[in-house]
Amino acid sequence: MSRLLLLAAALASLRAADFRPPAGRRYATIAAAGSILPGGRVLQPFGRQITTGPGTFGLAINHKGLLATTDIGSDRIGISLIEQVKGEWQDRHLWARTPGSTAAETAEPDWKGVFFGIAFETDRSLWVSEGDSGRLRLVDINSGNHQKIVNLNDREWRNSFSGDLAYDPARHLIFVIDQANFRLAIVDSKKGQVISSIRVGRMPFAIALSPDASTAYVTNVGVFR
């Protein structure tokens, strides 16, 4: 009987230990050896960590392995570019010009925002969504200057908010979410024009294309009442 009690006590102790956060009593922190989340989980890096701009939100990769992120941080916004050169990872940034900033900035003055959407059109250019401007911007990743700008606002649609996007290179089409108008806009990237709009669910957020690009899948974070 005593052995059963000891076994039960040992199992109870193990079960209790399972509910303790891996970090124990350590505070949340960010460190190269391992970061601790507020909930007590520990993130330990596998491989090299590379710092991007503040508020990294969207990510794209081209067929050569060049990584690009949209950075929507509070102090400045722009794009981070990360690539491997002669076996070493290098990063550089394209910052939108910020009023009052003393840091070096390479982008154009009218580039006022970035959001979730980002996709490469070529090895040296990529589309990014600007968020509450309702625009898409095709950015030259060498200079930071725009090659095209597409505005989702027109006589029918107002106050557009350009969000996540997906690019179909075979047909030169951009499928971009307009979060404010609960729609999916389809853009001809060669002409730089919106050619169609489709109503989707309440508060659309993310989009993905099927492998043959015949179907677009959209997630919605809102509910109808």
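In this predicted model, Leu81 is in contact with Leu67, Ala68, Gln90, Asp91, Arg92, Leu94, Leu126 and Ile141, once its neighbours within four places in sequence are set aside. Leu81 also turns up in the largest nonpolar core, a group of 17 residues in which Ala68, Ile79, Leu81, Trp111, Leu126 and Val128 touch the most other members. At least two residues of this core come from each of strand S5 (78-85), strand S7 (118-122) and strand S8 (125-129). There is also a second, separate core, made of twelve residues, with Leu165, Tyr167, Ile174 and Ala185 among them.

As for the overall picture, the protein has 16 strands and one helix. Of its 225 residues, 38% are buried. Taking contacts between residues at least 6 apart in sequence, 35% link residues at least 24 apart.

Ile118 gives a good look at strand S7, where it sits. With a relative accessible area of 6%, Ile118 falls under the 20% cut-off and so counts as buried. Beyond four places in sequence, Ile118 touches Gly58, Leu59, Ala60, Ala68, Thr69, Thr70, Leu126, Trp127, Val128 and Leu165. That list takes in Ala68, Leu126 and Val128, which are named above for the largest core, as well as Leu165, a member of the second one. Ile61 is 57 residues away from Ile118 along the chain, yet their C-alpha atoms are separated by 9.4 Å.

Polar residues get buried here too. Ser80, in strand S5, has a relative accessible area of 0% and is therefore buried. The side chain of Ser80 has a polar partner, though: the side chain of His93, in a polar contact of 2.9 Å. Leaving out residues up to four places away, Ser80 touches Thr52, Gly53, Leu67, Ala68, Thr69, Asp71, Arg92 and His93. Leu67, Ala68 and Arg92 appear among the contacts of Leu81 as well.

Ser160 is another buried serine, at 2% relative accessible area, but its place is in a loop, the one between strand S10 (146-151) and strand S11 (162-168). Here the side-chain partner is Arg183, reached by a polar contact of 3.2 Å. Residues touching Ser160 from more than four places away are Gly131, Asp132, Ser133, Gly134, Leu152, Asn153, Asp178, Ala180, Asn181 and Arg183.

Two other loop residues are worth a look for their backbone. Most residues other than glycine have a negative phi. Lys86, which is not a glycine, has a positive phi of about 50°; it is found in the loop between S5 and strand S6 (88-95). Its relative accessibility is 84%, over the 50% cut-off, so Lys86 counts as exposed. His172 likewise has a positive phi, of about 55°, without being a glycine, and its loop runs between S11 and strand S12 (173-178). At 28% relative accessibility, His172 is partly exposed.

Turning to open space, the largest pocket has a volume of about 160 Å³. The residues lining this pocket are Thr29, Ile30, Ala31, Ala32, Gly34, Ser35, Ile36, Leu37, Leu43, Gln44, Pro45 and Gln49. By class, that lining has seven nonpolar and five polar residues, with no charged ones.

Note on methods:
Residues are numbered from 1 along each chain as its sequence is written. This is a predicted model: local features need pLDDT of at least 70, side-chain atom pairs count only at pLDDT 80 or more; totals for chains, interfaces and linings use all residues. Side-chain values use heavy atoms; hydrogens and water are left out. On a 1 Å grid over the protein atoms alone, a cavity is a set of points where a 1.4 Å probe fits but cannot get out, and a pocket is an open set with protein on both sides within 12 Å along at least five of seven lines; lining residues have an atom within 4 Å of a point. Grid points are joined across faces, edges and corners, and a volume is the space filled by probe spheres set on the points. Ala, Val, Leu, Ile, Met, Phe, Trp, Tyr, Cys and Pro count as nonpolar, Asp, Glu, Lys and Arg as charged, and the others, Gly among them, as polar. Helices (H or I, at least four residues) and strands (E, at least two) are DSSP runs, numbered from the N terminus. Buried means under 20% relative accessible area, exposed over 50%, partly exposed in between (1.4 Å probe, protein chains only). A polar contact is a pair of N or O atoms within 3.5 Å; within protein, one must be able to donate a hydrogen and the other to accept it, and residues adjacent in sequence count only if both atoms are side-chain atoms. Contact means heavy atoms within 4.5 Å. A nonpolar core is a set of buried Ala, Val, Leu, Ile, Met, Phe, Trp, Tyr and Cys residues joined through side-chain atoms within 4.5 Å.
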